[in-house]
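These are my notebook entries on one structure. I began with charged pairs and then moved to other parts.

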Amino acid sequence: MLLLLIILLPLLGFAYLGLFGKNLREPVPGIIASTLAGLSFLLVLYGLLGGGASWEIKDWLPGIPFSLVLDHLSGYMGLVVTGIGFLIHVYAIGYMHGDEGFSRFFAYLNFFIAMMMTLVLAGSYPVMFIGWEGVGLASFLLIGFWYTEKKNADSARKAFITNRIGDFGFLLGMAILYSTFGTLSIGELREILDTSNVLPLSLGLAGFLLFLGAVGKSAQVPLMVWLPDAMAGPTPVSALIHAATMVTAGVYLIARSSFLYVNLQDVSYFIAIIGIITAAYGALSALGQWDIKKIIAYSTISQLGYMFLAVGVGAYWIALFHVMTHAFYKALLFLASGSVIHALGGEQDIRKMGGLKKYLPRTHIHGLAGALSLAGFPLLAGFWSKDAIITATLNYPFGGTGLYIAGLSVAFLTAIYAMRWYALVFLGEYKGDAHPHESPRVMTLPNDVLALGAVFAGFLALPKPFWNYVEPFLAPALAHVEVREMSLGTEWGLITLSAVVALAGLYLGYLAFTRWVLPKWYLTFQTWSENAFYVDLVYNTLIINPLKELADVWALIDGLIDTGYLALAGISGWLGEKLAWVQAGYVRIYGALMVLGLVVMLVWGVLR
């Protein structure tokens, strides 16, 4: 019953606010939705403290129960989802003040939390897929929340359609697992693979297809194009999607399936390669953006790439550690951006900002904490988790020196664009026309909590010889991976190098975007980066526009077919009208026709 309540409470909020929310005055819908999200957080915490829980309906599908499981992994992820989600709910009470769709917005937020918790608590892949699709629907509704503007509706459709490509892979992967093992229960599959000496050849294909589902949901190359456009929704939506829920679902899927991927070295290495390519692409694209939220959106793509790099090399717990630290500083960056946008009356172009440190002192602290944590500033949360990922490429079984160098290089780029974001928004002189004002307390208080997490959350898992609470906590739910032993001196040497790289990137970014006149070659790079290296243009040219033209041709053919059918129907109707006179009801006419028919038959017989 506990697990059902975790899902049903926000689902109840969705139903109630969807049906009756219009009759409630502000901020009542926001308070109701926030309270229900907070209660879900408390129930997850209570369940974890009680040693976990499980619930199922047997024979929901042939050989597949409808099962929910609260263990160390789902509990850890559930705390992140509901905890960060609760803070975003509270922030949105102030951000969405005065919006006509205030109650509808909070109904959608609650639906998002309910579906994400269904995904997280799922004890079988079909139940996970219900939450997976539910989150996709919720994101569609939230990204297109201001649907009267065409670009917002287009962005929502783009996200929905792109994710369906990955979801098709998820479905095929489940089909292969079921045909091979006769079950889709995650616990049963883990038991089978843990005790099996011979692995079926189809396992690799199943693992690849499940990863394809993760590629769509977590915006990895080549299905990353939907995530920057997801900025069309209100800023709390951006924070919810990027920080704690939808985009980390793919990482969670791989981690929950670690018992499968630990046996698939080739697939795992491929995941790591896709992860580092995505990390580099996101970082390079973030460097040239002018929209305050799009910089952070491309940053999310890059950070997700780091998470997939971690699961690819076998460092599953480190990927989840980064999920948690990233949730704090990325939610903080988005909500701080929302405060800036709120202060400037909707302005999002950082070229019209600058100098906001003086006008928004509290938001400035939030933005600084988020940017430094993202950049990997030593001792902040982002530093510990990102350094752990980079180091893991050397001492985990599927890693290598090339991945280490690439990961360190992307960390350098990350520090540069994080400083660019901070410097152009908060330093220098104000360049806009609005009169900036600090956000209300209902918006700044959640950011205070997130800022504490962005600074201190990394201390939950420190390298040797210090404490690490995250790895032993998650170990029972993750596959065991043999790690190469690294000397203490070597490990701390790598940590020091990572710190130096981050500080160098921050200093270079500060000089480049506050003091230097940038060279002409950078302006060329700026254009490419601003357009995200024209990936959308390539997709439109090679795939989308040809498909649209094919659809137009098919529509023409379909129109001609319809016209033919309508013509046949018209002819039949015309003939019916002309022949209707023979059914006039007069006996003399029927008699005459009978005689005429007899004469025709006689004549035909004579002529034969």
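**Entry 1. Salt bridges.** I counted the salt bridges in this predicted model and obtained ten. I then looked up several of them individually.

I took Lys-150 and Asp-154 to begin with; their side chains form a salt bridge with an N to O distance of 2.7 Å. Because the two residues are four apart in helix H6, about one helical turn separates them. I noted the accessibility of each partner: Lys-150 counts as exposed at 61% relative accessibility, and Asp-154 is partly exposed at 27%.

I next looked up Asp-448, which forms a salt bridge with Arg-362, the closest N and O atoms being 2.8 Å apart. Asp-448 belongs to helix H20 (residues 441-456) and Arg-362 to helix H17 (residues 361-375), so this pair ties together parts that are 86 residues apart in sequence. Arg-362 counts as partly exposed, with a relative accessibility of 32%.

I also asked which residues are joined into one network by salt bridges that share partners. The network consists of Glu-133, Arg-164 and Asp-167.

**Entry 2. Asp-167.** I followed Asp-167 out of that network. Asp-167 sits in helix H6, which covers residues 150-181. The salt bridge between the side chains of Asp-167 and Arg-164 has an N to O distance of 2.4 Å. As the two are three residues apart in helix H6, they are separated by about one helical turn.

Is Asp-167 buried or exposed? I found a relative accessibility of 3%, so Asp-167 counts as buried, the cut-off being under 20%. Its partner Arg-164 counts as partly exposed at 23%.

I then listed the surroundings of Asp-167. Apart from neighbours within four places in sequence, Asp-167 is in contact with Phe-129, Trp-132, Glu-133 and Lys-217. With one of these, Trp-132, Asp-167 makes a side-chain to side-chain polar contact of 2.7 Å. The side chains of Asp-167 and Arg-164 are also recorded as a polar contact, at 2.4 Å. For the backbone, I noted that the C-alpha atoms of Asp-167 and Gly-213 are 4.9 Å apart, while the two residues are 46 apart in sequence.

**Entry 3. Glu-491.** I looked for a buried charge without a salt bridge and noted Glu-491. Glu-491 lies in helix H22, residues 488-514. Which side chain of opposite charge is nearest to Glu-491, and how far away is it? I found Lys-464, at 6.4 Å. A salt bridge requires the nitrogen and the carboxyl oxygen to be within 4 Å, and Glu-491 has none.

Residues up to four places away in sequence aside, Glu-491 touches Pro-463, Lys-464 and Met-486. Lys-464 therefore appears in my notes both as a contact of Glu-491 and as its nearest side chain of opposite charge, the cut-off for contact being heavy atoms within 4.5 Å.

**Entry 4. Ser-268.** I looked up Ser-268 in helix H13, which runs over residues 265-286. Ser-268 has a relative accessible area of 1% and is buried. Its contacts, leaving out neighbours within four places in sequence, are Tyr-261, Gly-312 and Phe-398.

**Entry 5. A nonpolar surface patch.** I turned to the surface and recorded a nonpolar patch of about 1100 Å². Its members are Val-553, Trp-554, Ile-557, Ile-561, Tyr-565, Leu-568, Ile-571, Trp-574, Leu-575 and Leu-579. I checked one of them, Leu-575, in more detail. Leu-575 lies in helix H24, residues 535-579. With a relative accessible area of 41%, Leu-575 is partly exposed.

**Entry 6. The whole protein.** I closed with overall values. How many helices and strands does the protein have? I counted 25 helices and two strands. The C-alpha trace spans about 115 × 70 × 55 Å along its principal axes. Of the 608 residues, 55% count as buried.

For contacts between residues at least 6 apart in sequence, I found that 81% join residues at least 24 apart. The accessible surface comes to about 26100 Å², and carbon and sulfur atoms account for 69% of that area.

Terms used. Residues numbered from 1 in each chain as written. Predicted model: local features only at pLDDT ≥ 70, side-chain atom pairs only at ≥ 80, totals over all residues. Heavy atoms only, no water. Polar contact = N/O pair within 3.5 Å; in protein donor to acceptor, adjacent residues only side chain to side chain. Patch = residues over 30% accessible without salt bridge, like charges linked within 9 Å, V, L, I, M, F, W, Y side chains within 5 Å. Areas by Shrake-Rupley, 256 points an atom, 1.4 Å probe, with all protein chains shown as cover. Buried < 20%, exposed > 50% of the residue type's maximum accessible area, 1.4 Å probe, protein only. Lys, Arg positive; Asp, Glu negative; His and termini not counted.
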